Amino acid sequence: MNFIPVLLLFVLINGYIGGHGAFLLAHYGAAFPMTLYWVLFAVLVFSYLIGRSRLLKGPLGRLLKVIGSYYFAVMEFAFLLLIAADLIALACKLAGAEPGVYIPVLAWGAAAVLVILLLRGSWNAWTPVVRKYELEVNKQVRGMKELRVMVASDIHLGNIVGKRHLSKLVKHAENTKPDLILLPGDVIDDSIEPYIRNGMSEVMRRLKAPLGTYAVLGNHEYYGGHIEEYVKQMEAIGIKVLRDETVGVQDAVLIAGRKDRTAERSGGSGRLSAAELLKDADSSRPIIMMDHQPYQFAQTAAAGVDVLLCGHTHRGQFAPNHWITRRLFELDWGYMRKEAMHVVVSSGFGSWGPPIRLASRSEIVELVIRFD
């Protein structure tokens, strides 16, 4: 039922943006039919939904989905810039300035800022940085003083994020040679079709580490509805997808992977709590858990987890959304200590929707976990 208010807000925001476009066309006396303008604008606004629907398939549907993805960023930035421009225009009008003077300045100024934001945001999305955390776990591991782990959440492989971006992750793994690689969910964007069509497993299979590569499900794997095929594709290239499962690494470190929180409302069998998942685990061993969405830190710490790895938030992906994620989650990005448990939430390696990031970066997380 929450869809109706969201759709109404979406329409109102785009009506505000579209109205400014129509105003500028009239201001400059452009001989462009207003009916055609609004039809084309509506197609742009709803291109993502049209591309995701079954109305159009094949290259045209994929093209509309990509256009619609970029428009999400354009919409948010344009909405905020137009509010600022309107306030400045009001001040100019009250000061007695001529509309023919300030309207072009504000219009071209807003357009220039929009382009700058999109270019900078694109660079942030396609140029990943490395975040390093050194953690100490008060447990002894025979024959192992430290464990080097590479973490990449929210890759979102699909029609936009593909083999080229994935190759950057693989190259980093090949250069740094981590002991273990962990992927805390949203490896694919939703549908597995682009992953198979573009042969992304050819690149993904190179993502190897001596102690293995493990993944968990994110909400987007559920949205796509191809979980079994996804798990089959991943395990065919040696990547184990943990679905409320634990696995021992060299009979020392325990890796636990929870199903995504979406499983609790997807009509399936739900998912185990952290305590249920670890009830038979040897608590003397270091326990690293992957749980895609950063919730229930206290319960996870109480279950005996030493290191919790999450993603999902993208840190809002582009500003000012990070102000929202900061209030929605106990930790929306970075590191915190919850009792004896270390928590790391990544902003993600890929991006959802537009490959645009502001106030966040595409990132690879490196952990050095030392045992005492």
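**Two pockets and the helices that line them**

Helix 1 supplies the largest share of the lining of the largest pocket, namely six residues. The model under discussion is predicted, and the description below begins with this pocket before turning to the second pocket and the surface.

The volume of the largest pocket is about 1,500 Å³. Its lining comprises 35 residues, of which Phe72, Glu76, Gly316, Asn321 and Trp352 are the closest to the pocket centre. Several helices take part: helix 1 (3–27), helix 3 (47–52), helix 4, helix 9 (219–224) and helix 13 (321–328) each provide at least two lining residues. In chemical character, the lining consists of 20 nonpolar, eleven polar and four charged residues.

The second largest pocket holds about 670 Å³ of space. It is lined by 25 residues, and those closest to its centre are Ile17, His20, Gly21, Leu24 and Leu82. Two or more lining residues come from each of helix 1, helix 2 (34–45), helix 4 and helix 5 (99–126). Here helix 4 makes the greatest contribution, with eight residues. The lining of this second pocket divides into 21 nonpolar residues, three polar residues and one charged residue. Helix 1 and helix 4 are thus to be found among the contributors to the largest pocket and also among those to the second largest pocket.

Helix 4, which spans residues 58–94, appears again at the surface, where it gives the largest share of a nonpolar patch, three residues. The patch is formed by Leu44, Leu60, Leu63 and Ile67 and covers about 320 Å². One of its members, Leu63, belongs to helix 4. Is Leu63 buried or exposed? Leu63 has a relative accessible area of 46%, and therefore counts as partly exposed, since that class lies between the limits of 20% for buried and 50% for exposed residues. The value also satisfies the requirement of over 30% relative accessible area that applies to residues of a patch.

A further point of interest lies in strand 2, which runs over residues 146–151 and includes Arg148. With a relative accessibility of 30%, Arg148 is likewise classed as partly exposed. Which residue, 30 positions away along the chain, has its C-alpha atom 5.3 Å from that of Arg148? The residue is Pro178: the two C-alpha atoms are separated by 5.3 Å, although 30 residues set Arg148 and Pro178 apart in the chain.

Terms used
Residues numbered from 1 in each chain as written. Predicted model: local features only at pLDDT ≥ 70, side-chain atom pairs only at ≥ 80, totals over all residues. Heavy atoms only, no water. Patch = residues over 30% accessible without salt bridge, like charges linked within 9 Å, V, L, I, M, F, W, Y side chains within 5 Å. Areas by Shrake-Rupley, 256 points an atom, 1.4 Å probe, with all protein chains shown as cover. Salt bridge = Lys/Arg side-chain N within 4 Å of Asp/Glu carboxyl O. Helix = DSSP H or I, 4+ residues; strand = E, 2+ residues; numbered from the N terminus. Buried < 20%, exposed > 50% of the residue type's maximum accessible area, 1.4 Å probe, protein only. 1 Å grid on protein atoms, 1.4 Å probe; cavity = no way out; pocket = protein on both sides within 12 Å on 5 of 7 lines; lining within 4 Å. Points joined across faces, edges and corners; volume = space filled by probe spheres on them. Nonpolar A, V, L, I, M, F, W, Y, C, P; charged D, E, K, R; others polar.
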